[in-house]
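Okay, let's get going. Have a look at the sequence and the model on the screen, and then I'll walk you through a few spots.

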Amino acid sequence: MTEVLCAILLPFVGTAAGAACVFFMKDAMNRQIQRALTGFAAGVMVAASIWSLIIPAMEQSEHMGKLSFLPSFIGVWGGFLLLLLLDHLIPHLHMNSHCPEGTHCNLGKSTMMILAVALHNFPEGMAVGVVAAGWLAANDGITAAAALVLSLGIAIQNVPEGAIISMPLCSSGFGRSRAFVYGVLSGVVEPIGAVLTILLAKLAIPALPYLLSFAAGAMLYVVVEELIPEMSEGEHSNIGTVSFAVGFTVMMVLDVVLG
C-alpha cells in the first residue's frame, strides 16, 4: 500500500511544489520559462499516454488478434469526447488566459482559472488510479514501478501548473498565502480521481484496457486543447517545442528503464 499511496499523492505534491514558487519568486514567472515548462509538461503527458497507458492496453488485448487495437481505439475516443463535453459544460478559463496587465484578478476569474487546471488534472488522477488498480489486481502487464513512474512524470509536469495558478494571482494583488492555497486547490482533484478510479476499476478489471486508454484519451485532449496553445503562444515558440521533446524523451526513458 505504500507504493499505491506514493503513486496517488506524488502528482498532488508536484502541484503544491509549483504553487509554493509564490513564496520564493518576487515577480510573475517569465513567459519564456512558463512556455518551456508547459512544453515539457505536454511532452511528459504524451509519452505517458503512449508508454504507460495505450501500449499496456494493447498488450492486454492481444488475445483479440487483429482486433487488439479496438479497446484502445474505443477508450481513447471515449476519454477525448468526455473532456470535450466537460470543456463545454463547465465554465472555466483556458490556461493561456491571463489577467490583463495592471489589473487585479477577481474571485470569479481566479475560480475559473482553478477550474481550468482542475479540469485537466482529473484525467491525470484517473491515469494514475487505473495503472495502480491494474497493479493491485496482479495484472502481468503492469508493475508497481510502472505506476510510480507514471505518477512521477505527472508530478514533474504538475510543478509548472501549480505556478501557473499561484504566480499570476500573486502578481495581480492576491497575498502570497492565498495565491498558494488556490494553486494547491487546483491539484486536489488528482488524488480524488485516482482513488475513485481504483475503486471503480476493482469492479471492472476485465475493462482495464478500455480504462487505460480512456485515461490516455483524456490526457491527450488536455495536451491539444490547453498545453500546446500555451507553449506556442507569442514569439519564440521553438522554446516550447524543444521543451516538449525534452519532456517526451525523459518520460519515455523513465518508463522503459524503470517500468
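So, among the contacts in this protein with a separation of 6 or more, 84% are between residues 24 or more positions apart. Keep in mind that this is a predicted model.

What is the secondary structure made of? It comes to 9 helices and 0 strands. If you read along the sequence, you just get α-α-α-α-α-α-α-α-α. The protein has 259 residues, and 50% of them count as buried. Its accessible surface is about 11400 Å², and carbon and sulfur atoms account for 73% of that.

Let's zoom in on helix α9, residues 238-258. This helix has 21 residues and spans 30 Å from its first C-alpha to its last, close to the 30 Å expected at 1.5 Å a residue. Which residues of α9 are buried? They are G240, S243, G247, F248, M251 and D255. These residues are on the same side of α9, because they cover an arc of only 140° around the axis. Here's the general idea: an α-helix has 3.6 residues a turn, so residues three or four places apart point the same way. Flip to the other side of α9, and you find V242, V256 and V257 exposed. And what covers the buried residues? The cover includes α2, α5 (144-171) and α8 (208-232).

Now let's follow one residue over in α2. S52 sits in that helix. Is S52 buried or exposed? S52 counts as buried, because its relative accessibility is 7% and the cut-off for buried is under 20%. If we leave aside its neighbours within four places in sequence, S52 is in contact with A47, V131, L150, L212, M251 and D255. You've met two of those names already: M251 and D255 are among the buried residues of α9.

Last stop, the surface. There's a nonpolar patch of about 910 Å², made by M58, M64, L67, F69, F73, I74, W77, L81, L84 and Y210. Where does the largest share come from? Helix α3, residues 70-89, brings 5 residues to the patch. F69, another member of the patch, lies in the loop between α2 (31-59) and α3. With a relative accessible area of 37%, F69 is partly exposed. Why is that the label? Because 37% falls between the 20% limit for buried and the 50% limit for exposed.

That's my tour, so over to you for questions.

Note on methods
Residues are numbered from 1 along each chain as its sequence is written. This is a predicted model: local features need pLDDT of at least 70, side-chain atom pairs count only at pLDDT 80 or more; totals for chains, interfaces and linings use all residues. Side-chain values use heavy atoms; hydrogens and water are left out. Patches are made of residues with over 30% relative accessible area and no salt bridge: like charges are joined within 9 Å, nonpolar side chains (Val, Leu, Ile, Met, Phe, Trp, Tyr) within 5 Å. Accessible areas come from the Shrake-Rupley method with a 1.4 Å probe; for residues, only the protein chains shown count as cover. A salt bridge is a side-chain nitrogen of Lys or Arg within 4 Å of a carboxyl oxygen of Asp or Glu. Helices (H or I, at least four residues) and strands (E, at least two) are DSSP runs, numbered from the N terminus. Buried means under 20% relative accessible area, exposed over 50%, partly exposed in between (1.4 Å probe, protein chains only). The expected span of a helix is 1.5 Å times one less than its number of residues. The arc is that of the directions from the helix axis to the C-beta atoms. Contact means heavy atoms within 4.5 Å.
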